[in-house]
Amino acid sequence: MQKSSSNPQQNASADKTREQVMAEREAKKQAKLAKKQKSVTPATTIITEVEQTTITQKLTTTTTTTTKEQSELPLRSINVADTKTASQSSAQNSTDSVNPTAPGSEKTREQIKAEREAKKAAKQAAKSAKSNNVDAATKQLNNLQVATKIEPAPAAAAIATGAAATADHEKKKPALTKAERRAIQEAQRAAKAQGQTKKTTVTPGSVKSAAGNSVKATPNVPATTHKEHKHDRNDKEESPAKSPSKGGTVKADRECKVKLFNHLVSADKDASLFINDPNVHPSMARLGVQYAQRTIVGSNARCIAFLHALRQVVQDFETPAKKEFGRSLDVAVKHHVDHLNKCRPLAVSVYNAYKQFKNQLTQLPTDTPETELKELLGHFIDTYIENQIGKAAQAISSSMQEKITDGDVLLTFACSSLIQFICEEAKRRKVTFRVIVVDSRPFCEGQEMLRRLHACGIPCTYVLINAISYVMPEATKVMLGAHALLANGYVMARTGTAQVALVANSHNVPVLVCCETHKFSERFQTDAIVYNELCDPNLLVMDGKCSLNNWQSKSRLTPLNLSYDITPPELVSAVVTEVAILPCTSVPVILRIKPDIGY
């Protein structure tokens with residue numbers, strides 16, 4: 001009896017096992033198809049997540065989306081009783097917590113056809129989404145045709161729901177997959193490009209219906225995408241609000257400059273350049289402050305101060321481990337020169353001295369101790385100062401003494417150490433002459449020149465540049481200093497030099513420019529716009545009664561304070577150098593032969 005009673009139980013369990021096996025096979029097929037669908041069209045997940053309720057309803061109620069003839073032909077061969085038994089068996093198996101699919105081959109074909117049509121619709125929707133037509137894609141999904149006259153629809157619905165449930169249970173993951181992330185990113189890019197301000201919200205009813213249909217394909221993903229869009233928009237809206245201060249400062253800086261001279265730079269007095277920079281030697285940091293505050297002014301003075309600070313850098317320099325002395329020192333000196341250039345644009349004399357120092361570094365022997373190399377560099381610096389500045393000034397002064405005679409009235413502009421040396425030498429030779437010092441604002445450097453000449457006992461006359469036409473008839477010679485002498489013969493000097501030369505030319509007074517060869521530049525320039533140095537425009541304001549006072553509030557007023565101007569060679573009679581007294585057009589010749597001279 002026990003055996004007979006156990007046999008039907010075993011048979012029943014065997015029958016259930018077959019059905020379960022068939023159901024599991026179908027579920028695996030559905031999962032594979034779903035994975036293929038994900039790998040082929042990764043962007044379709046967004047459409048299914050946004051329209052969860054519509055697609056799940058279409059999957060449960062749709063058998064085909066083609067014409068009625070294609071939908072009715074395969075279904076006519078199915079008996080009504082078979083569909084009823086299939087639906088009953090599927091319902092019973094679903095109550096046993098198993099998600100079966102129909103074992104019959106005909107039902108599986110119908111299911112596959114329905115899924116293929118759904119895939120086609122999803123692909124079309126994905127293509128439309130990629131072309132920034134999300135609304136058209138949703139309309140296309142909503143317009144899916146539903147066959148209402150088909151009798152075995154409940155069976156197909158049960159099959160589809162069972163397959164979807166099994167596939168969803170297998171697809172359930174706590175985190176988003178890589179394909180979903182890519183799809184989300186593509187949707188975000190499409191929304192940004194389209195500039196949509198409309199937000200697609202997920203209603204609680206649709207979430208409930210999706211839960212009732214056991215679809216668990218991460219319903220929170222659209223919400224996160226909307227949040228990300230919101231953050232992106234907030235960031236874009238906050239960025240202009242955060243930057244008005246920066247934009248205001250930039251705008252203010254630009255308004256303080258004349259548009260024609262926006263490419264020019266000025267001295268930077270920012271304290272952050274000078275405080276606690278471990279890579280800058282203290283002597284160079286101090287020199288940068290002196291440059292920026294115009295404590296050291298003049299081409300020769302700036303060059304001498306640079307070379308003295310460079311000597312301190314060389315003496316305190318320590319070669320890093322496993323590095324060559326010359327190359328390491330070259331990198332360090334370049335950093336210091338860049339720092340000085342930020343404080344104030346380098347003078348031509350400083351740049352030429354730095355170029356000669358770099359050339360000397362390349363010629364250092366490699367088998368010499370570091371101390372001897374430092375001594376060689378120190379000797380080079382001392383020799384450069386002595387030859388290029390000291391002896392050159394003596395040679396120029398000796399040439400000019402032949403031109404200065406008793407009774408001469410020398411006119412000079414601003415302050416030049418070389419012109420001062422020439423006048424002092426003429427005084428020592430007991431030549432009777434007097435000097436007219438022409439000065440201009442805002443720096444009034446001629447006052448320093450007047451003080452030095454008066455200390456030597458030279459009779460002087462001091463006038464401003466606006467009165468030069470009144471004193472020019474008295475002058476017999478005009479002696480001018482120079483910041484640099486350009487390769488095309490133009491003289492670059494303090495602002496106002498060209499005006500003095502022009503007035504002297506109109507009165508037939510010879511103009512002699514005294515300039516050392518270490519100030520010669522290879523640059524070509526015919527005006528003061530291409531290269532120049534801007535000074536603080538506030539220096540042009542004298543006091544509260546000046547018409548330029550509070551010029552920032554006047555929209556149509558922009559003061560311009562240039563450091564240098566350009567004097568054409570037609571206004572210059574001759575250039576006095578340590579080589580010889582030459583015309584301005586001979587500058588290229590000096591530049592070509594100077595390395596061979598040994599200066």
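This passage describes two sheets, a cavity between domains and several loop residues in a predicted model.

In the predicted model, seven strands make up an open sheet of mixed pairing, in which the strand order is β4-β3-β2-β5-β8-β11-β12. The edges of this sheet are occupied by β4 (460-464) and β12 (581-582), each of which has a single partner strand, so that one side of each is left without a neighbour in the sheet. Within the same order, where β5 is followed by β8, the strands β5 (residues 477-480) and β8 (residues 511-514) run parallel and are joined by three bridges. In this pairing, M479 has L512 of β8 as its bridge partner. Helix α21 (residues 497-506) lies across β5 and β8 as well as β2 (408-413), and the direction of the helix is at about 165 degrees to that of β5.

A further open sheet is formed by three strands in the order β6-β7-β10, with antiparallel pairing. Its edge strands, β6 (484-485) and β10 (564-567), each pair on one side only. Between β7 (residues 491-494) and β10 the antiparallel pairing extends over four bridges, and V491 is found opposite T567 of β10. Helix α21 also packs on this sheet, where it touches β7 and β10 and makes an angle of about 30 degrees with the direction of β10. Helix α21 is thus placed across β2, β5 and β8 of the seven-stranded sheet, while it is also in contact with β7 and β10 of the three-stranded one.

With a threshold of 30 Å³ or more, one cavity is counted, and the volume of the largest cavity is about 40 Å³. Its lining consists of P345, L346, A347, H483, M492, Y531, N532, E533 and Y564, a set that divides into six nonpolar residues, two polar residues and one charged residue. Because domain 2 (281-391) and domain 3 (404-593) both contribute residues to this lining, the largest cavity lies between the two domains. Two of the lining residues, M492 and Y564, fall within the residue ranges of β7 (491-494) and β10 (564-567), respectively, and E533 of the lining belongs to the range of β9 (533-534).

The loop between β9 and β10 holds V541. The C-alpha atoms of V541 and P559 are 9.5 Å apart in space, with a separation of 18 residues in sequence. When neighbours within four places in sequence are left aside, the residues in contact with V541 are R441, C546, L548, N549 and W551. One of these contacts, R441, precedes a cis peptide bond, since the bond from R441 to P442 has omega near 15 degrees. P442 itself is located in the loop between β3 (433-439) and α19 (446-455).

Another loop residue with a notable backbone value is R294, for which phi is near 60 degrees, a positive value in a residue other than glycine. R294 is situated in the loop that connects α13 (282-292) and α14 (299-316).

Methods
Residues are numbered from 1 along each chain as its sequence is written. This is a predicted model: local features need pLDDT of at least 70, side-chain atom pairs count only at pLDDT 80 or more; totals for chains, interfaces and linings use all residues. Side-chain values use heavy atoms; hydrogens and water are left out. Two strands pair if DSSP finds at least two bridges between them. Helices (H or I, at least four residues) and strands (E, at least two) are DSSP runs, numbered from the N terminus. Contact means heavy atoms within 4.5 Å. Axes are lines fitted to C-alpha atoms, for helices over the stretch in contact, and angles run from 0 to 180 degrees between N-to-C directions. On a 1 Å grid over the protein atoms alone, a cavity is a set of points where a 1.4 Å probe fits but cannot get out, and a pocket is an open set with protein on both sides within 12 Å along at least five of seven lines; lining residues have an atom within 4 Å of a point. Grid points are joined across faces, edges and corners, and a volume is the space filled by probe spheres set on the points. Ala, Val, Leu, Ile, Met, Phe, Trp, Tyr, Cys and Pro count as nonpolar, Asp, Glu, Lys and Arg as charged, and the others, Gly among them, as polar. Domain bounds come from an automatic or database domain assignment.
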